[in-house]
Structures are given as C-alpha cells and as structure tokens.
Amino acid sequence: MESLSYVLGHDSDELNRLTEQHLMIKPFTNKLIHDSGLLDSRRVLEVGCGFGDVTLMLHDLLDQTSSITAVDREQKAVVAASTRLKEMGVSNVNFLHAEPSCIEFEEQFDAVFGRYVLLFQPDAGAWLRRLAMHVRPGGLMVFHEPDLQSLRSFPVVPSYEKCSHWVVQTFDRAGTPVVMVDKMHKAFIDAGLDEPQMRLQTFIGGVKTSESWINALCELANSMSDSIEKYGYATADDLAMPRLYERIIQEMKERKSVVIGRTEVGAWCRL
C-alpha cells in the first residue's frame, strides 16, 4: 500500500530533530500508553518506529518479559534504530524493514502502537483494518498523531504565523493531512473498529513557556526547507536558523504575545 509523500527525509539532522521532538511530546505519549492499558501487553507491534525513540520508551515501560516488534518502511530509520538500541544493550526488540500493513506474522500481538504514522496513509481506515489482523481478540490499537489546525498567536506574531503557514501549506501540497482529530476517529470507524477513546493536548504559552515548541516549529520548517522553497512559500534566508527562531521570540516580547502550538491527539480501542 502506497504511503503519502514524506517531506522530512531521514538524514542525521532529521533523526536528531525527531529525538528533540520526542522529548517535547514524550509526556503525552507516556500518558496515552498508560491510559489505554497498553502496559498489560506482552507482545507489542510498533509501526513506524523511526529512530527508535518510542521503541525505547516502550521497552522501559513494559515488563521486561514483554517483547516488541518495531517496523518501519524506511531502511535508514530501521538501521539507525537497531544500531542505537543494540549499543544500549536492549535485547527484547526485533526490528524489521517492511511496510507494516503488508507484513505477515506467525503470532498475533496484544497491541499495536503507532506515533505520527496515520497522517502519511492515503487510506488510514484500510491501513488500520490490515493492522488489526495482527491483533488478538481483546487486544489494543493505540495511535498518537499531530494536528496543526490550532496554530495561531495573539496578539499576532507575524513571523510565527508565517512559519506556521509555510509548514501547513507544504504538508498540504505534499498531500499529507495535518488536521488529524477527525481523520483519526474516521479511520477507526472505517476500519470496522469500535469508536475510539480519544485525548488531546495543546502547547500554549508566552515567551518563557513556549520556547521549546517555537524551536521545534522552526526546526520542522528547516527540515522541510527544500520542499518549502520548491513550492515558493519561503526562501532559504527566511528559513535560516537561528534567525527565524530569534525573530519569533523578539516579536513575542515586543507584543507580549501568546502562541498556540500543535495539538497532540491520542486514540485507542480494543478489538
């Protein structure tokens, strides 16, 4: 099954950005894992493992007799994640390079977990339906996705609004939806699953309390710079770090502004 265009790449800078992003959104992922009941699982399938940040988190949270199978369709990501966890002495994770919805397993899993993967699926319902075949009756389907429709500032911070616009428009141009609240719910229903339980959390604050989110937004725009420039939304000078970050911070200070950032959305159900 084809996936939507991934405009972020898998080079070392992007892998570092993903690790920094993980630290920012880890509390929400952690709460989602606990709230969903996933910690009772013995066999977990993680789809879209990337650099292994969630894989390592699951390893640390689950009982040490549990096993994790981590799958990603990008070979560079799988190699990087496998090497990283092996160097850390993690032994109960099996990494696979494959399209998660197409691979076959001899045994079913107690749970499937994915973070930031549904937004890249052209038919998320069909994708979930195929993944559900890997889960035993009574098992869990748990997903954590971003939603960028909340991005705004007040009083308006021009550079923040522009940067947000560049990111959202580029994702849209690449065919990657960034409004995931309704898509997640619809995907579960379209897959023939029960209506999911859902949670959301949004970043909000002034200069001191939103620095990590503002930096994350600027780094995201920087990772997407080739596509942003290709589509004509901004120039390399517009996107240059750290000037972009510094402009946003300065404008926030001048206007005494508050920014609202990305919303983290979680959904889960039992089969």
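**Close-up 1. W127, F143 and F188 form a cluster of rings.** In this predicted model, ring pairs bring W127, F143 and F188 together in a cluster. The structure as a whole contains 5 aromatic pairs. One of them joins F143 and F188, whose ring centres are 6.4 Å apart and whose planes stand at 80° to each other. The pair counts as edge-to-face because the angle is over 60 degrees. F143 belongs to strand β5 (residues 135–147) and F188 to helix α6 (residues 180–190), so this pair links distant parts of the chain, 45 residues apart. F143 is buried, with a relative accessible area of 0%. F188 is buried too, at 0% relative accessibility.

**Close-up 2. Helix α5 meets helix α10.** Here we look at α5 (residues 158–173) and α10 (residues 243–255), whose axes come within 7 Å of each other. The axes cross at roughly 135°, which makes α5 oblique to α10. On the α5 side, the residues in contact are P158, S159, Y160, C163 and W166. Their counterparts in α10 are L244, R247, I248, E251 and R255. Sorted by class, this contact is made of 6 nonpolar, 1 polar and 3 charged residues.

**Close-up 3. R199 and D35 meet in a salt bridge.** Side chains of opposite charge can pair when their charged atoms come close. The model has 10 salt bridges, and in this one the side chains of R199 and D35 meet at 3.7 Å, N to O. R199 sits in strand β7 (residues 197–205) and D35 in helix α1 (residues 12–36), so the salt bridge ties together parts that are 164 residues apart in sequence. R199 is partly exposed, with a relative accessible area of 35%. D35 is also partly exposed, and its relative accessible area is 30%.

**Close-up 4. D63 and R42 pair up between two loops.** The closest N and O atoms of the salt bridge between D63 and R42 are 3.5 Å apart. D63 is found in the loop between α2 (53–61) and β2 (67–72), while R42 is in the loop between α1 and β1 (43–47). The pair therefore ties together parts that are 21 residues apart in sequence. D63 counts as partly exposed, with 41% relative accessibility. R42 is partly exposed as well, at 46% relative accessibility.

**Close-up 5. R84 and D53 form a buried salt bridge pair.** The side chains of R84 and D53 meet here in a salt bridge, at 2.9 Å from N to O. With R84 in helix α3 (residues 75–87) and D53 in helix α2, the pair links distant parts of the chain, 31 residues apart. Are these two residues buried or exposed? R84 has a relative accessible area of 19% and is buried, because buried means under 20%. D53 is buried at 8% relative accessibility.

**Close-up 6. K31, D35 and R199 belong to one salt-bridge network.** We now return to D35 and R199, the pair shown in Close-up 3. Salt bridges that share partners join these two residues and K31 into one network.

How values were computed: Residues are numbered from 1 along each chain as its sequence is written. This is a predicted model: local features need pLDDT of at least 70, side-chain atom pairs count only at pLDDT 80 or more; totals for chains, interfaces and linings use all residues. Side-chain values use heavy atoms; hydrogens and water are left out. A salt bridge is a side-chain nitrogen of Lys or Arg within 4 Å of a carboxyl oxygen of Asp or Glu. Helices (H or I, at least four residues) and strands (E, at least two) are DSSP runs, numbered from the N terminus. Buried means under 20% relative accessible area, exposed over 50%, partly exposed in between (1.4 Å probe, protein chains only). Axes are lines fitted to C-alpha atoms, for helices over the stretch in contact, and angles run from 0 to 180 degrees between N-to-C directions. Angles under 35 degrees count as roughly parallel, over 145 as roughly antiparallel, 65 to 115 as roughly perpendicular and the rest as oblique. Contact means heavy atoms within 4.5 Å. Ala, Val, Leu, Ile, Met, Phe, Trp, Tyr, Cys and Pro count as nonpolar, Asp, Glu, Lys and Arg as charged, and the others, Gly among them, as polar. Rings of Phe, Tyr and Trp (its six-membered ring) pair if their centres lie within 6.5 Å; planes under 30 degrees apart count as stacked, over 60 as edge-to-face and the rest as tilted.
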